[in-house]
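Subject: Structure handover

Hello,

Here is the structure we talked about. Please open it first, then read the notes below it.

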Amino acid sequence: MGTVRSLRSALSGIALVALVAFASGCAVPVAAALDETDANRVVVALDQSGIDATKEADPTTEGKFRVTVARDDVGRALATMREEELPRPKTRGVLDAADRGQLVPSQAAEHAQLVAGLAGELEKTLGGIDGVLAARVHLNLPPREPLRDGPGPKATASVLVEHRGTTPPLAPESIQQLVSGGAPGVTATDVAVVFVPRTARANAGRTDLAHVGPITVARGSMNTLKLALAGLAVVVLGLAAATLALWAKIGRMRRDRELELATASATGRPQPGPRSIATSARGPGQPM
């Protein structure tokens, strides 16, 4: 029984080593709980930086996605995402800015919520344009005063657009028209637009080497090596299981033999002597 226990321990150790080896080569999530648009944006940015990324359903958050990369690419992926400011922070829209905590909100609170919501919606629109890294919209919309005589304060807006490269993704006139059309009382000439360029990202090439556990191989051979290691682990586990089964059978035969000898000794019958395989095959009554 001690031998059987040793084999079981060895089999468990082999299985643990195999699991650790394959876990070291698995993909690692670098972003989770993302909307599909944000996940696609992360995958595109990583792909342009020469990093293989995969979008898959997030098992921890229903209806959300996560992005995974190879273990060796985690550092570069995180650096790229930090440089690209991904995933982008959520911007509050009109519905999100509505204060549901007050039973009867004041007129000033309602106006402030409306302005914040409009600014958030414009930021979402500008942030969704290809090439825009971040956008901030500041609206100055004075509340309407029906009892005021004469013209009221002028409504103005300012937009800060952070973009990649030296050429803005949009013309200032286009942004002015967008903001004036989305903010009541604001004319296009009253919208100030400021661009903040960021250094263009170099089109990094893919690394030729990858790691599967402690083994360094060409990236194109990584999947083949994983399959080969998986097959080898299955063969080793199968041989270990067969050896364990054989030793268990030998143990049962020994126990049966000991039980037979004990029964013969207790009943006073002659104890059967050991028989060779050849004697058992000939049977009784046959000449030698």
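Salt bridges first. The count comes to twelve. Please bear in mind that this is a predicted model.

One of the pairs is Glu 56 with Arg 66, where N and O are 2.6 Å apart. Ten residues separate the two partners. Glu 56 sits in strand S2, residues 53-57. Arg 66 sits in strand S3, residues 65-70. The pair therefore links distant parts of the chain, with Glu 56 partly exposed at 28% relative accessibility. Arg 66 is also partly exposed, at 22%. Buried would require under 20%.

Another pair is Asp 73 with Arg 76, at 3.3 Å from N to O. Is Asp 73 buried or exposed? Asp 73 is buried, with a relative accessible area of 2%. Its partner Arg 76 is partly exposed, at 29%.

Then there is Arg 198 with Glu 85, whose closest N and O atoms are 3.3 Å apart. This pair spans 113 residues and links distant parts of the chain. Arg 198 belongs to strand S6, residues 191-198. Glu 85 belongs to the loop between helix H3 (74-83) and helix H4 (94-97). Both ends are partly exposed: Arg 198 has 24% relative accessibility, and Glu 85 has 31%.

There is a network as well. Salt bridges link Glu 83, Glu 84 and Arg 164. As background, side chains of opposite charge can pair when their charged atoms come close.

Now the overall picture. The chain has 288 residues, and 25% of them are buried. It holds eight helices and eight strands. Take the contacts with a separation of 6 or more: residues 24 or more positions apart account for 63% of them. The exposed area is about 18,500 Å². Carbon and sulfur atoms supply 60% of that area.

Next, a helix pair. How do H2 and H3 cross? The axes of H2 (residues 36-48) and H3 come within 10 Å, at an angle of roughly 115 degrees. H2 is therefore roughly perpendicular to H3. The crossing is right-handed. On the H2 side, the residues that meet H3 are Val 42, Ala 45 and Leu 46. On the H3 side they are Ala 77, Thr 80 and Met 81.

Last, the backbone. Most residues other than glycine have a negative phi, and most peptide bonds are trans. Here are some exceptions to check.

- Leu 86 and Pro 87 are joined by a cis peptide bond, with omega about -10 degrees. Pro 87 lies in the loop between H3 and H4.
- Glu 85 lies in that loop between H3 and H4 too. Its phi is positive, near 55 degrees, and it is not a glycine. This is the Glu 85 that forms a salt bridge with Arg 198.
- Ala 33 has a positive phi of about 55 degrees, again without being a glycine. Ala 33 is part of strand S1, residues 27-34. It counts as partly exposed, at 41% relative accessibility.

If you look at one place, I suggest the loop between H3 and H4. Glu 85, with its positive phi, and the cis bond from Leu 86 to Pro 87 can be viewed there together.

Best wishes

How values were computed
Residues numbered from 1 in each chain as written. Predicted model: local features only at pLDDT ≥ 70, side-chain atom pairs only at ≥ 80, totals over all residues. Heavy atoms only, no water. Salt bridge = Lys/Arg side-chain N within 4 Å of Asp/Glu carboxyl O. Helix = DSSP H or I, 4+ residues; strand = E, 2+ residues; numbered from the N terminus. Buried < 20%, exposed > 50% of the residue type's maximum accessible area, 1.4 Å probe, protein only. Contact = heavy atoms within 4.5 Å. Areas by Shrake-Rupley, 256 points an atom, 1.4 Å probe, with all protein chains shown as cover. Axes fitted to C-alpha atoms, helices over the stretch in contact; angles between N-to-C directions. Parallel < 35°, antiparallel > 145°, perpendicular 65-115°, else oblique. Left-handed = near helix turned anticlockwise from the far one by under 90°.
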